[in-house]
Amino acid sequence: MAEISASPRKKYLNLKDILIYSIGLFGLQMVVFYINSYQLEFYSTTKRLTTEAMVSVPFIILAAKIVSAIFDPVVGNLIERKPDKGYGKLKPFILYSVPPLILFTVMIFIDVPLEGPALLAYIFVATTVWSMAMTMGDVPSQAMSAVLTPDSTERTNLIGFSGTFRSIGQAAPYVVVPVVCLCVPGGAGIEGTLSIAEYLWNAVAIGVIGSAMLALIAFFNKERVPYKAEKMKAEEMISALKNNKYLLLVMISYFLGFARQGAMAIQVQAANALLGGQNLIIVLGISTAAGTMISMALTPLLIKKFDERKVFVAMSVYGFLSSLLAFFVAVWADFHLAALIPTLFLMGLQFGAVNIMPMVMVADSVDYYEHKTGKRTEGVAYAVLSFSIKVTLALGAAVCLAVIFSDMVGYSATATDFTFETKRGVYFAYTVIPGITSLLAAIPILKYDLVGAKKKAINDELRARRGESADAPSVELAEAAASEDGADKE
C-alpha cells in the first residue's frame, strides 16, 4: 500500500512581516535603554542634587516604575475589552503610545531649574508618565508575537529573530549617542563627557526615530489569530493569572532574576570608571552584544533540539559562572581592555535565555490558557510580562546604581580619575550581582513542563478547534492532560 505523506503545515509569516515586527521592537528598546542607561548620569551631570540626594534617585525611579506598573494590567484589560474589528486589538494601542513616548523621553532630559525635593518630585512624575506611555506600546508590541501566527514553530522562530533585533536595540544608544555628539558643535565625540545639551539632543533623536520604528508594527503587521472581546474585572484578571501556572512561573522567574540585566543600566558608569569616558560604552556594549546576538541566533535551534526548560536552566547556570569569570579575570588583570572584551563576550552568551525564552513561554502560556478555558488573553498575559520586566529592570538598576553611588564604591559622573576600589565596586555591580540573580531565575523554571509533546498536542488541538489544517491531536493530548491533572491534584 502506498505511503500517505502528511500535508505540510501552512506558513503564515513572510520576510516582510518578520522584518517590520523586528524593527518595531528594535525602536522601542532603543528608547527604553537610552532612558535606563543615561537618565541617572544626566542628573549627576546637571549637579542640581547633592551627593546624598543622588543616592536616593535610583529608588525614586524604582518607585515611579512600580507606581506606573499598576497601569500594565489596565492596558491589558483595555486590550481585551475593546478590539477594533477592522484594525485589531493590539495595533491601536501601539499608535496611542507614540506621542506621549516621544514627549516624555524629551522631558526627562530637560534641565529644569529645580533643586532638592522639587527636582526629585519632577523626576518621579516625569518617569511615571514616561513608563505609562512605554507600557502602552510595550504590552501590545510584545503580544503581537502571539497573534502574528498561530503556529508555535513559526512563533518560536519569529521570537528568536526579532529578539536579536530587540537585543541590538538595547545596545543601539551606545552607538547613536556618540554619533549625535559628533554632530553637535563642540560635542563630546567619542571620548569626552556629555554636556546637558547633548543629552537633550539625543533624547529628541532617539525618541522620534525609535517611536517611528515602533509605529511600523501598527501600520504593516497583521493579527492572524482569532479573538473575541473579553470584558474582565480585576478579580477575573487575578484568577486568569492564578489559573495559568506557566505564566506564574515566568513571572516568579523574572522577580528572582531581577538584576540579570542590571549591567545594562550601569554600562555608562562602567565605561566611565573603567575606560575613562562615557561614550566608550560602545566598547563594553559591543563586547556583550556580540555574544548576545550569537546566543539569540542559537537559542531557537537549542529549543528545537532540547526544550525550553532545559535551555533556560542551562543558560541561567552559565550566566552565573560566566559573570564570576568576567569579574575575577578583570580584577586580576587590573581591568585591562584585553581582559574585559573576551570575558564580556562570554558573559553575553547567556542573554538568549533572558530575551527570548520568556517571550516564547508567555506565548505558549496564552495557548495553554485558551486550551484550558476557551479564552485567549494576550493582553492580560503580556501585561503581566511587561509588569515583571518593568519592575525587575527598575529594581536591578536601583540596586546596581545604589551600590556604585554609595560611599563604599564612591563613583561620580564628573570624576576624572577612579581608584582601584571604585573600579572593582563598579565592576562587581556590573557582573557578579546580575550573575547571582541569573542563577536564582532558574529555580521556578525547573517546574515548567509545557514542552515537547504536551506543547505540540495543545497547539494542534487549538488549530483543530479553529478549523485550521493541523496534525491530528492523537493520544499525546490525552496523556499530557492526564499527567497535568495528576500533577495538579498532587
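This report covers the overall fold, one buried loop residue, the largest pocket and one exposed loop residue of a predicted model.

## Overall architecture

The protein chain is built with 21 helices and zero strands. It has 490 residues, and 58% of them count as buried.

Contacts reach far along the sequence. Take the pairs at least 6 residues apart in the protein chain: 84% of these contacts join residues at least 24 apart. The exposed surface of the protein chain comes to about 19,300 Å². Carbon and sulfur atoms supply 68% of that area.

## T149, a loop residue

T149 sits in the loop between α5 and α6. Helix α5 spans 116-147, and α6 spans 152-171. Is T149 buried or exposed? Its relative accessible area is 0%. The cut-off for buried is under 20%, so T149 is buried.

The side chain of T149 makes a polar contact with the side chain of E154, at 2.6 Å. E154 also appears among the contacts of T149 beyond its neighbours within four places in sequence. The others in that set are Y12, L13, R155 and V225.

## The largest pocket

The largest pocket has a volume of about 360 Å³. Its lining holds 17 residues. Closest to the pocket centre are S152, T153, T156, E308 and K455.

Which helices each supply at least two residues of this lining? They are α6, α13 (281-305) and α20 (452-465). Helix α20 gives the most, with five residues. Helix α6, which borders the T149 loop, is thus one of the contributors.

What is the make-up of the lining by class? Eight residues are charged, six are polar and three are nonpolar.

## D407, an exposed loop residue

D407 also has its place in a loop, between α18 and α19. Helix α18 covers 378-405, and α19 covers 420-445. The relative accessibility of D407 is 78%. Exposed means over 50%, so D407 counts as exposed.

How far apart are D407 and E52 in sequence and in space? In sequence, 355 residues separate them. In space, their C-alpha atoms are 9.5 Å apart.

## Two loops side by side

T149 and D407 give opposite readings of accessibility. T149, in the α5 to α6 loop, is buried at 0%. D407, in the α18 to α19 loop, is exposed at 78%.

Definitions and conventions:
Residues numbered from 1 in each chain as written. Predicted model: local features only at pLDDT ≥ 70, side-chain atom pairs only at ≥ 80, totals over all residues. Heavy atoms only, no water. Helix = DSSP H or I, 4+ residues; strand = E, 2+ residues; numbered from the N terminus. Buried < 20%, exposed > 50% of the residue type's maximum accessible area, 1.4 Å probe, protein only. Contact = heavy atoms within 4.5 Å. Areas by Shrake-Rupley, 256 points an atom, 1.4 Å probe, with all protein chains shown as cover. Polar contact = N/O pair within 3.5 Å; in protein donor to acceptor, adjacent residues only side chain to side chain. 1 Å grid on protein atoms, 1.4 Å probe; cavity = no way out; pocket = protein on both sides within 12 Å on 5 of 7 lines; lining within 4 Å. Points joined across faces, edges and corners; volume = space filled by probe spheres on them. Nonpolar A, V, L, I, M, F, W, Y, C, P; charged D, E, K, R; others polar.
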